[in-house]
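Biologist: I can follow a sequence well enough, but sheets still confuse me. Could you walk me through how to read one?

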Amino acid sequence: MDLDLRKLRYFLAVAEHRHFGRAAQALFIAQPVLSRQIRAFEQELGCALFTRSTRSVELTPAGQRLYDEAPRITTVVDTALRRVHEAGRGEQRLVVAFSPGLHVADAIRAFTARHPHVAIDVFPLRWWERDAPLRDGRAHVGYLRHPFDDTGLRTVPIGHETKVACLPVTHPLAGRPALTSADLDGEPVLDVRTRRTSSLEEKFELIASGQGIALVPLSIAGSYSRPDLVYLTVTDALPVGTCLAAPEGNCTGLVRDFLDLATAMLRRPADAPEPSSGLRVAGVVAGEVAPPQAQEQHRHDTGETAADDRDSG
């Protein structure tokens, strides 16, 4: 069957409002028309999407699944249509995604100098998206942190980042020069398994209020410096790998040029850290890469080799 995108958008409106009347108002159509369209959509799909009563409208299990999948479908379609219109107008555009704390400005400047007529958009990634915008077409290339599913993506290793512990300044451990993982045993750690947050700002606000601690890459610590938080090196924490990534089927032309330029701009030897914000964490300045011995331990544990870091292809 062919998916009717108009009916899908009608479905999303009802699912979000949980009310046919309010959904119809938001869509600027009559409620009976909306009801008929939803019934026709359910018949086409062969399953009920809503459980209706005189007081409420609730999603069925099938409706909940479609509600979870629909944003990806509409995003892919909207992105494809935007690119079609840009091509029709003769426009060229490159969208660069980046994980929190990672910076792509130097690479973008170098790319713009070589391709002054290409428009550049930046796409700040939320923590739960990781590689998703590369897969649904919202971004052409990304500067990401591991771990993420790299199936179908071409990845170019860039380097490694030290992880640090983020604690409120009132925490009993806040005065230590550095920590080990054993020091953090029993501490409430805010992560996706314990407490899902919608943003880093929300996470740091919870930490500052004494709700827990977090382990974060050093570049994030440099980007979110605040007086009520302290960042301490965890001496035995494994470093986090960073890389450039792009869909395997889209690594030509402008994307290939950006990958080549960004690889040269973003890679730095361990003894030449990039300019930093000046945040100092237990003797480490934000922006420095992980120490060589930590990188070697990480390679040993993950199966990486030094050649992996040198491979630009």
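Modeller: Sure, let's begin with one pair of strands. β7 and β9 pair in the antiparallel sense, with five bridges between them. Keep in mind that this is a predicted model.

Biologist: Which residue stands opposite L229 of β9?

Modeller: That's P168. Now look at the other partner: β7, residues 163-168, is joined to β8 by four bridges, and these two also run antiparallel. There, K163 stands opposite P217 in β8.

Biologist: In what order do the three strands lie in the sheet?

Modeller: The order is β8-β7-β9, in an open sheet with antiparallel pairing. β8 (214-217) and β9 (229-233) are the edges; each has a single partner strand, so one side of each has no neighbour in the sheet. Neighbouring strands here are turned by 40 degrees against each other on average, ignoring direction.

Biologist: What packs on this sheet?

Modeller: Helix α7, residues 200-208, does, and it touches β7, β8 and β9. The direction of α7 makes about 55 degrees with that of β7.

Biologist: How should I read the side chains along a strand?

Modeller: The general idea is that in a regular strand, side chains alternate between the two faces of the sheet. In β9, L229, Y231 and T233 point one way, while V230 and L232 point the other way.

Biologist: Are those β9 residues buried or exposed?

Modeller: All are buried, whichever way they point. Buried here means under 20% relative accessible area, and five of the five residues in β9 pass that test. So an edge strand can still be covered: β9 has a single partner strand, yet it is mostly covered.

Biologist: Let's try another sheet. How many strands form the one that contains β10?

Modeller: Five, in the order β4-β3-β5-β10-β6, again as an open sheet, and the pairing is mixed. The edge strands are β4 (119-124) and β6 (153-161), each pairing on one side only. From one strand to the next, the twist averages 20 degrees.

Biologist: Where could I see an antiparallel pair in that sheet?

Modeller: Take β5 (residues 141-145) and β10 (residues 240-247): they run antiparallel and four bridges join them. If you want a landmark, R145 has T242 in β10 as its bridge partner.

Biologist: Which helix packs on this sheet?

Modeller: Helix α9, residues 253-266, touching β3 (93-98), β5, β6 and β10. Its direction makes about 165 degrees with that of β10.

Note on methods: Residues are numbered from 1 along each chain as its sequence is written. This is a predicted model: local features need pLDDT of at least 70, side-chain atom pairs count only at pLDDT 80 or more; totals for chains, interfaces and linings use all residues. Side-chain values use heavy atoms; hydrogens and water are left out. Two strands pair if DSSP finds at least two bridges between them. Axes are lines fitted to C-alpha atoms, for helices over the stretch in contact, and angles run from 0 to 180 degrees between N-to-C directions. Contact means heavy atoms within 4.5 Å. Buried means under 20% relative accessible area, exposed over 50%, partly exposed in between (1.4 Å probe, protein chains only).
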